[in-house]
Amino acid sequence: MQGRGLVGLALILVILAGVAYYFTRVNPALNYVHQGLDLKGGVQVVLQADKKNVTLADMQKAENIIAFRANGFGVSEPIIQIQGTNQISVQLPGIKDQQAAIKAIGQTAQLIFKGPDGKTILTGADLKSAQAALSGTGSASGAVINLAFDAKGASLFAAATKVDVGKTISIYLDKTNIETATVQQYIPNGQAQITGIPTLAEAQRLATLLNSGALPIPMKIIQANSVSAQLGAASIRASETAGLIAMILIGLFMIAFYRFAGLIADLALAFYLMLFIFILIQMKFVMTLPSVAGIILSAGIAVDANVIIFARLREEIRAGRGLGAAIDHGFRNAFRAILDSNVSTIIASIVLYEFGSQDVRGFAVTLGLGVAISFLTAVLFTRYLLRLAENSVFVQNLKVFLG
Amino acid sequence: MRFHFDFMGRRRIFYVVSGALLVVAVAGFFIRGLNLGIDFTGGTQLTARFAKPVTLTRIDATLSGAGVTDFVAQFIGTGQKEVIISMPSMPESERTAVFGDLTKSVGTYTIVSFTKVTGSFSQQVVQGGIIAVILAALGIIIYMMFRFDLRFAVAGIFAVFWDAFVSLGVVALLHFTVNAPFVAGVLTIIGYSINDRIIIFDRVRENMKKRQRDEPLADIVNLSLNQTLGRSIATATVVILAMLAILILGGDTTRDLSATVVIGVVFGAYSSILLASPIWFDWVTRIEAAQAARRQTRGTARPRAGQKAAALAMTEKEEAALAEAEESVRQRRPLPRTRGRHKSRRRR
């Protein structure tokens, strides 16, 4: 099967060239992956309570609400701190539009439903959830927000709609009338809809604001600025160099330890990194220090998978099998261990993502994703390459092949 | 087999070592305490506007020189003139000295604001993180109960937590400054630890299936550990090599983080072999002893049932041995071809 071996060699060379070009010329890790506040900086906004004598409890409540909003607007890893007695400093990475950011987090978001007599029926405090949606029927098409009230809100709303059929109810957000609608019928189930919102994005913004609840105190923006990375620039450069040298050391170690098979593992690792970075760019993932740690750990697990496979191959060959049979058996046995370890790691990352804070989430995403990718590259891709190599002229000597 | 080491015979020594390490770690944790940085404790934030553009490298060097151990300097706005410096709260006299040093070695500046800030990492975040880790551990225990069994799962996760605690204790003893990146370090240690445990337990599980009748449990565990030792050494070397490169060359910010991971990986490799496996071994030994004892007492008290059980147990074992023999025969002389021939004959 000389031909197949040659095709394999050609494939390897093409991939090597591609990887080399990709990492030296395109440099995707630095140029295209979004970096978080700790690595790159972002927008800093300082809000100040627009009221005298605020309590610490109110400030903490406001801090939590702002954190909820920042997360709701898809900002990864915001940093929110109480500053002095009446200020909150918010740092938002990856935000290009400063104005949008300010709008997203600083609004008081006091929702009020008023009856035809101008009396308050209920407020945002009686809301259970708000959800943005598109309603696509005729003239009423456009974005809407579906509101669900809690038990108290539902009974208040039911009472009002029973009395006011045919009359109007007005909805105010921060004292601005956003909708006035005629009550068509009695609504006992605590469901309402705000219609006529120009875009879905706007509806989503409002829904997030409503879900986060109103700020306990009105706040005004006193400062909005861009800030540089938290980790020193020199330190980041040093870490990049260190990371590159670490990769080279791993590559050399694998070749020293496993010879030709080690080279295959290195190739699989390079392929893994390339694929991983490509996916991160596509996801518009915001990279932070914890997520870099997740990448390093998953790279370690990828290398470990190859180490496990090669250790098995050696065992099988020592037990007297030929290379072909050794690859069969070695993979079958190694596969089970790698699968169990990978699935456990992925389960752990899903749980960490579901229940963890932003820092933990960044780590969980890169770890879980990295392990899934490494399963493709370190197991399937490696097996493919080993199979090709097995049939090629290069593998006459097992010592050269596996060390 | 290239290594022959009787791990199980020496397990009492390793229990003592593991216990001692845990005691030292707990002591370090509670007596010395974690050296929490400004991300956790908060501190003061200085916004300074310099007269001329400055570099953060210069500011970093000046603050380090002034003995400030834990700080973050960031540019604000454009022009490299305005800087936010977060640092721990300190007495008036020290602060004045630091401010003076900044003027001397960086340049003249005016103070735009100087305020107290809370930590960006609240107690809530840390507690949430701990709960997330515990839930993740539960998830893995459930998965391992399906793929392995309860004993593997519990012994494995116990050792994972041991790794995390001992590493935390060592970090406390070494007095590394614990800031936000440290969380990533602990998670990395736990992740590595889980992976390592499963790889080794997988081999134990595999060898248990091949176990011969009356083969001592200790032999199985020792064999498995010796078989995986080459892999354990290679993998730990790879990770430590990479981390040492980052430790030595990576600069201040990542130094403590990578040192923490190196510590964790060393303990992780240790505990897979010398803690998780012995715990599993002792647990299963006890169960097997209890089973044997029950079989014996039953044998004297209710001879018929006992005999039946013993006979059943034997048949099970014999069946396993038979299956094993069949398996080995199949592996040496590939059966599929023979089977294929039979089929084709039948077809004809």
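User: Leaving out residues up to four places away in sequence, which residues does A:I308 touch?

Analyst: Happy to start there, with the note that this is a predicted model. Contact here asks for C-beta atoms within 7 Å. Not counting residues up to four places away in sequence, A:I308 has partners in chain B, B:I199 and B:R231, and its partners in chain A are A:A334, A:A337 and A:I338.

User: Which residues have the most contacts inside the largest nonpolar core, and which helix gives the most to this core?

Analyst: The largest nonpolar core has 137 residues. Within this core, A:L269, A:Y272 and A:I308 are the residues with the most contacts. With 19 residues, the element that gives the most is helix α7 (residues 233-283) of chain A.

User: How many residues are in the second, separate core?

Analyst: Nonpolar side chains tend to be buried together in soluble globular proteins. Here the second core is separate and includes A:V144, A:A154, A:L206 and A:L209. Its size is 24 residues.

User: Which element of chain B gives the most residues to the side that touches chain A?

Analyst: On this side, 59 residues of chain B are in contact with 61 residues of chain A. Elements giving two or more residues include β5 (109-117), α5 (123-147) and α7 (180-209) of chain B. With 15 residues, the one that gives the most is α7(B).

User: How do the residues on the side of chain B that touches chain A divide into nonpolar, polar and charged?

Analyst: Glycine is counted among the polar residues in this division. For the side of chain B that touches chain A, the tally is 30 nonpolar, 22 polar and seven charged.

User: Why do β6 and β10 of chain A each have one side without a neighbour in the sheet?

Analyst: The four strands form an open sheet in the order β6-β5-β9-β10 (chain A), with antiparallel pairing. From one strand to the next, the twist averages 20°. β6 (120-123) and β10 (176-182) of chain A have one side without a neighbour because each stands at an edge, with a single partner strand.

User: Which residue in β9(A) stands opposite A:I112?

Analyst: Strand β5 (residues 111-114) of chain A pairs with strand β9 (residues 168-173) of chain A through four bridges, in the antiparallel sense. In β9(A), the residue opposite A:I112 is A:Y172.

User: At about what angle does helix α5 of chain A run to β6(A)?

Analyst: Helix α5 (residues 151-163) of chain A lies across two strands, β6 and β9 of chain A. Angles run from 0 to 180 degrees between N-to-C directions. Relative to β6(A), helix α5 of chain A runs at about 155°.

How values were computed
Residues numbered from 1 in each chain as written. Chains lettered and ligands numbered in written order. Predicted model: local features only at pLDDT ≥ 70, side-chain atom pairs only at ≥ 80, totals over all residues. Core = buried A, V, L, I, M, F, W, Y, C linked by C-beta atoms within 7 Å. Buried ≥ 20, exposed ≤ 12 C-beta atoms within 10 Å, placed from the backbone. Pairing = 2+ DSSP bridges.
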